[in-house]
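This report looks at the empty spaces in one structure and at a metal site in it. Please have the model open while reading.

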Amino acid sequence: MRIESFAGGLFGENSYLVVCPETGAGVAVDPGAGAAEVLRAAERHGATLEAILLTHAHIDHVEGVPLVRSAAPDAPIVLHDADRPLYDGVPQQAAAFGIDIPRLPPVDRSWAHGDTFAFGRCAFEIRHAPGHAPGHVILVAGGDGVALVGDVIFQGSIGRTDLPGGDLRVLMRSIRQQVLSMSDEVRMFTGHGPSTTVGDERRGNPFLIPHYGGELA
Ligand SMILES: [Zn+2]
Ligand SMILES: [Zn+2]
């Protein structure tokens, strides 16, 4: 599984292109302001975009959906049902931040916790991890030792919980159950900033240590 990130926009959001190297099947994950670069990279690699996978529906993670969809009209958009109200409210989110974005195409499929999403010979396990947003999911490829974790956890930080639908207690439970349950070596690709590993955050994340003493809770 080959993962490339492209940061951009007001919030420095990371848009991801993930490609199965054996087949060239690709997915766009959280296409935000970096969506045009995702498309260029897909073309460069000769990858076919088979789906648009969303960890959650904050505007910075979805503002590039129309662009990717116009380049890959058959690629389904997949989002957890609990984030549909946020997705449907993107025009209001855009207005609040003074961003002008085209109308978002409708969501095609819903995530359920425990789903497997396959593309080429690669696959993600889907884990519901609410708290930053009600329908937030993380995409885990345990065999490849990688996970795309959106805004649940960052290098040295955690997702904010002051936006509509956010809940700190729920987020901490998601981190304990869905993130810290992965092995230390798993590399996590986050919605903002550099990638990190489960082990580095278990040992050094200042938001987690006071709660769990750095232990797997
Ligand atoms: Zn977010
Ligand atoms: Zn974000």
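The largest cavity holds about 30 Å³ of space. A cavity is a set of points, on a 1 Å grid over the protein atoms alone, where a 1.4 Å probe fits but cannot get out. Points are joined across faces, edges and corners, and the volume is the space filled by probe spheres set on them. The model is predicted: local features need pLDDT of at least 70 and side-chain atom pairs 80 or more, while totals for chains, interfaces and linings use all residues. Residues are numbered from 1 along each chain as written, chains are lettered from A and ligands numbered from 1 in written order, and side-chain values use heavy atoms, without hydrogens or water.

A search of the whole structure finds 1 cavity of 30 Å³ or more. Among its lining residues are N14, Y16, D30, H61 and G191. Strand β9 gives the largest share of this lining, 3 residues. Strands here are DSSP runs of E with at least two residues; helices are runs of H or I with at least four.

Two pockets follow. A pocket is an open set with protein on both sides within 12 Å along at least five of seven lines, and lining residues have an atom within 4 Å of a point. In the classes below, Ala, Val, Leu, Ile, Met, Phe, Trp, Tyr, Cys and Pro are nonpolar, Asp, Glu, Lys and Arg charged, and the others, Gly among them, polar.

| Pocket | Volume | Lining by class |
|---|---|---|
| Largest pocket | about 300 Å³ | 7 nonpolar, 5 polar, 3 charged residues |
| Second largest pocket | about 230 Å³ | 11 nonpolar, no polar, 4 charged residues |

Helices α2 and α5 (90–97) each supply at least two residues to the lining of the largest pocket. For the second largest pocket, α4 (84–88) and α5 each do so.

H61, from the cavity lining, is also a zinc donor. The zinc ion (ligand 2) has protein donors D60 (OD), H61 (NE2), D151 (OD) and H192 (NE2), 2.0 to 2.7 Å from it. Donors are N, O and S atoms within 2.8 Å of the metal (3.2 Å for Na, K and Ca); water is not among the atoms, so sites may look incomplete. The 4 donor atoms subtend angles of 84 to 156°, so the arrangement is irregular. Tetrahedral would need all angles between 85 and 135 degrees. D151 bridges this ion and the zinc ion (ligand 1), 3.4 Å apart. H61 is buried (under 20% relative accessible area, 1.4 Å probe, protein chains only), at 0%. D151 is buried at 3%.

How values were computed: Four donors count as tetrahedral if all angles lie between 85 and 135 degrees; four count as square planar and six as octahedral if opposite donors are over 155 degrees apart and all others between 65 and 115; anything else is irregular. Buried means under 20% relative accessible area, exposed over 50%, partly exposed in between (1.4 Å probe, protein chains only).
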